[in-house]
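Work through the exercises below with the sequence and the model open. Try each task before reading its solution.

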Amino acid sequence: MTERKPPDLSFTSWIDRQINEAAERGAFDNLPGAGKPLPKRTEADAAQAWLRDYLRREGVSADDLLPTPLKLRKETERLAETLQDLRSEQEVRAVVADLNRRIIEWRRIPTGPPVFLPLLDAQSLVRQWHDAHPAPPPPPPSPAPAPAPPTRRWRRRPRSDAG
């Protein structure tokens, strides 16, 4: 628990005293980045640098901060690149259907900047996927089955002993 400031000390001297005591205890030894210069930032960059650093530390993508229509537009643009990673035509159709569903939901009650978002054409994206994934070659023809052994046409009749 932090101790209270004594009434006879000013805040500046009280804080300086706490910093000096912590330095004597070694609280500032072996800190990450010790001895390295601070990263240089321009004046315009400094205003949002704290946000970028925070997002990086927390592992959050900057795309998560975008308004819905811009997120959807970015996702639409990236879809062409990610098509090759999908394994089947059904997966392509499912991804396109999900994205089209979210675009339609946004169109019903648009929020954010007025951005036109066209629906995706599933057929053309499936064609692109097929172009990137040529059909596997047909399996080699199986060898013809071995012919059945010939059947005997004549059978011997059992001999009768009666005569």
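The exercises go from the whole chain to single helices, helix pairs and residues.

**Exercise 1. The chain as a whole**

Task: State how many helices and strands the chain has, and describe its burial and its surface.

Solution:
- Note the kind of model: it is predicted.
- Count the elements. The chain has five helices and zero strands.
- Read them in order along the sequence. The pattern is α-α-α-α-α.
- Turn to burial. The chain has 163 residues, and 14% of them count as buried.
- Take the surface next. The accessible area is about 14500 Å², with 57% of it belonging to carbon and sulfur atoms.
- Finish with contacts between residues at least 6 apart in sequence. Of these, 52% join residues at least 24 apart.

**Exercise 2. Helix α1 and the loop after it**

Task: Compare the span of α1 with the expected span. Then find which residue just after α1 has a positive phi, and describe N30.

Solution:
- α1 holds 15 residues. From first C-alpha to last, α1 reaches 21 Å, close to the 21 Å expected at 1.5 Å a residue.
- Step past the end of the helix. G26 sits just after α1 and has a positive phi of about 90 degrees.
- Move on to N30. This residue lies in the loop between α1 (11–25) and α2 (43–58).
- N30 is not a glycine, yet its phi is positive, at about 60 degrees.
- Check its cover. Exposed means over 50% relative accessible area. N30 has 78% relative accessibility, so N30 counts as exposed.

**Exercise 3. Helix α3 and its partner α4**

Task: Check the span of α3, and work out how α3 and α4 are oriented to each other.

Solution:
- Start with the span. α3 has 15 residues, which should span 21 Å at 1.5 Å a residue. The end C-alpha atoms of α3 are 20 Å apart, which agrees.
- Take the axes of α3 (residues 68–82) and α4 (residues 89–108). They come within 11 Å and cross at roughly 160 degrees.
- Apply the cut-off. Angles over 145 degrees count as roughly antiparallel. Therefore α3 and α4 are roughly antiparallel to each other.
- Add the hand. α3 passes α4 in a left-handed crossing.
- List the residues that meet. α3 brings T68, P69, L72, E75, T76 and L79. α4 brings V95, V96, L99, R102, I103 and W106.
- Look for burial in α3. P69, L72 and L79 are buried. The buried residues of α3 pack against α4 and α5.

**Exercise 4. Two residues of α4**

Task: Decide whether R102 and N100 are buried, partly exposed or exposed, and name their contacts beyond four places in sequence.

Solution:
- R102 is in helix α4. Its relative accessibility is 24%, so R102 counts as partly exposed.
- Leave aside neighbours within four places in sequence. R102 is then in contact with L72 and E75.
- Look also at L119. R102 and L119 are 17 residues apart in sequence, and their C-alpha atoms are 9.8 Å apart.
- N100 is in helix α4 too. Buried means under 20% relative accessible area. N100 has 13%, so N100 is buried.
- Not counting residues up to four places away in sequence, N100 touches L119 and L120.

**Exercise 5. Helix α5 against α4**

Task: Describe the crossing of α4 and α5, then place W129.

Solution:
- Take the axes of α4 and α5 (residues 122–132). They come within 10 Å and cross at roughly 145 degrees.
- Give the hand. α4 passes α5 in a right-handed crossing.
- Name the contact residues. α4 contributes E89, V92, R93 and V96. α5 contributes A122, Q123, L125, V126, W129 and H130.
- Focus on W129, which is found in helix α5. Its relative accessibility is 8%, so W129 counts as buried.
- List what W129 touches, not counting residues up to four places away in sequence. These are L83, L86, R87, S88, E89 and V92.
- Close with a distance. W129 and Q84 are 45 residues apart along the chain, and their C-alpha atoms are separated by 6.3 Å.

Notes. Residues are numbered from 1 along each chain as its sequence is written. This is a predicted model: local features need pLDDT of at least 70, side-chain atom pairs count only at pLDDT 80 or more; totals for chains, interfaces and linings use all residues. Side-chain values use heavy atoms; hydrogens and water are left out. Helices (H or I, at least four residues) and strands (E, at least two) are DSSP runs, numbered from the N terminus. Buried means under 20% relative accessible area, exposed over 50%, partly exposed in between (1.4 Å probe, protein chains only). The expected span of a helix is 1.5 Å times one less than its number of residues. Contact means heavy atoms within 4.5 Å. Accessible areas come from the Shrake-Rupley method with a 1.4 Å probe; for residues, only the protein chains shown count as cover. Axes are lines fitted to C-alpha atoms, for helices over the stretch in contact, and angles run from 0 to 180 degrees between N-to-C directions. Angles under 35 degrees count as roughly parallel, over 145 as roughly antiparallel, 65 to 115 as roughly perpendicular and the rest as oblique. A crossing is left-handed if the near helix is turned anticlockwise from the far one by less than a right angle, and right-handed if clockwise.
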